[in-house]
Amino acid sequence: MSRKKPVFLSARWENLIFANYVVEAELLKNLVPKGTTLSRWNSKIFVSLVAFQFSNTKIFGIPALFHRDFNEVNLRFYVERQSEENKRQGVVFINEIVPSKIIAWAANTIYGENYIARPMTRRIYKESDMNVFEYGIKNEGSWNKISVRINSDPDEFQDLDQGFYITEHYWGYSKNSPSRTVEYEVDHPQWPVYRVKDYELGINFGALYGSDYSFLTDVVPDSVFFCQGSDIKVRLGKRL
């Protein structure tokens, strides 16, 4: 078994909202990194809009100076790779949005990811016996929003097999060029997956992610669920 790479980034990911859409392979075929293949669950291909809070961020164990607590909203899809040791379930990010140009620059430079910086907001509050989690992104002068309401004593998501498929991907892959892929490992425990009472999605997918994704603005997600999250570790990557 190969040695694990050193930890580059550690943090806590919490209050995660997942909105999951079924799409055709044609949408993603040009984004699949070399050495990986599209992953399917029950013969379906998913993209997920994921909003969450980054906190207690450290780089090589040293607390980040200016941006330890911030939001991220990403659009991602799922791949797999057969390594010499095992089959690895992974994530490819179509785009990742953060509120800081410094964070975006660092991630793009180190991992070849697709980060952009936009003004962002986060609201967490109680409403009767519900907890409300809301993330906002300002883009081209307009606000995009994703929010959920969950019970104060949350219930399990109704389809845990799908929930665990979406959340239990411990590898990241970035397509630096048509012939070069970077693979990196993400460590975290299995997350409980919770049902949402209701949700609100006001996302202009075309403006945020390009015309190929504009149709998602009017599509009802296949599922929406919530995870409380945990501490995570992102290890240094390697070229395949």
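**Strand pairing and core packing around L49**

In this predicted model, L49 makes a good starting point: leaving aside residues up to four places away in sequence, L49 touches I17, F18, A19, V73, N74, L75, I146, L201, I203, F205 and Y209. L49 also shows up among the best-connected members of the largest nonpolar core, which has 38 residues. The others that touch the most fellow members there are L28, F77, F205, Y209 and Y213. Two of these, F205 and Y209, are also direct contacts of L49. There is a second core as well, separate from that one, with 28 residues, including L16, V98, I166 and V234.

The strand pairing puts some of those contacts in context. Strand β3 covers residues 45-59, and 12 of its 15 residues are buried, so the rest of the structure largely encloses β3. On one pairing, β3 runs antiparallel to β1 (residues 7-23), with 12 bridges joining the two. Here A19 of β1 has L49 as its bridge partner in β3, and A19 is also on the contact list of L49. Another antiparallel pairing, this time with 8 bridges, links β3 to β5 (residues 70-82). In that case V50 is matched with N74 in β5, and N74 is again a residue that L49 touches.

Then there is an open sheet of 4 strands, ordered β8-β9-β10-β14 and paired in antiparallel fashion. Its edges are β8 (120-127) and β14 (198-202), each of which pairs on one side only. From one strand to the next, the twist averages 10°.

Going through this sheet strand by strand, β8 and β9 are antiparallel over 8 bridges, with I124 opposite F133 in β9. The two strands make a hairpin with 2 residues between them, and S128 in the turn has a positive phi of about 60°. Strand β9 itself (residues 130-139) is mostly covered, with 9 of its 10 residues buried. Next, β9 pairs with β10 over 10 bridges, antiparallel once more, and I137 stands opposite N144 in β10. That hairpin also has 2 residues between its strands, and E140 adopts a positive phi near 50°.

Finally, β10 (residues 142-151) and β14 pair in the antiparallel sense over 5 bridges. Within this pairing, I146 has L201 as its bridge partner in β14. Both I146 and L201 are touched by L49, which brings the account back to where it began.

Methods:
Residues are numbered from 1 along each chain as its sequence is written. This is a predicted model: local features need pLDDT of at least 70, side-chain atom pairs count only at pLDDT 80 or more; totals for chains, interfaces and linings use all residues. Side-chain values use heavy atoms; hydrogens and water are left out. A nonpolar core is a set of buried Ala, Val, Leu, Ile, Met, Phe, Trp, Tyr and Cys residues joined through side-chain atoms within 4.5 Å. Buried means under 20% relative accessible area, exposed over 50%, partly exposed in between (1.4 Å probe, protein chains only). Contact means heavy atoms within 4.5 Å. Two strands pair if DSSP finds at least two bridges between them. Axes are lines fitted to C-alpha atoms, for helices over the stretch in contact, and angles run from 0 to 180 degrees between N-to-C directions.
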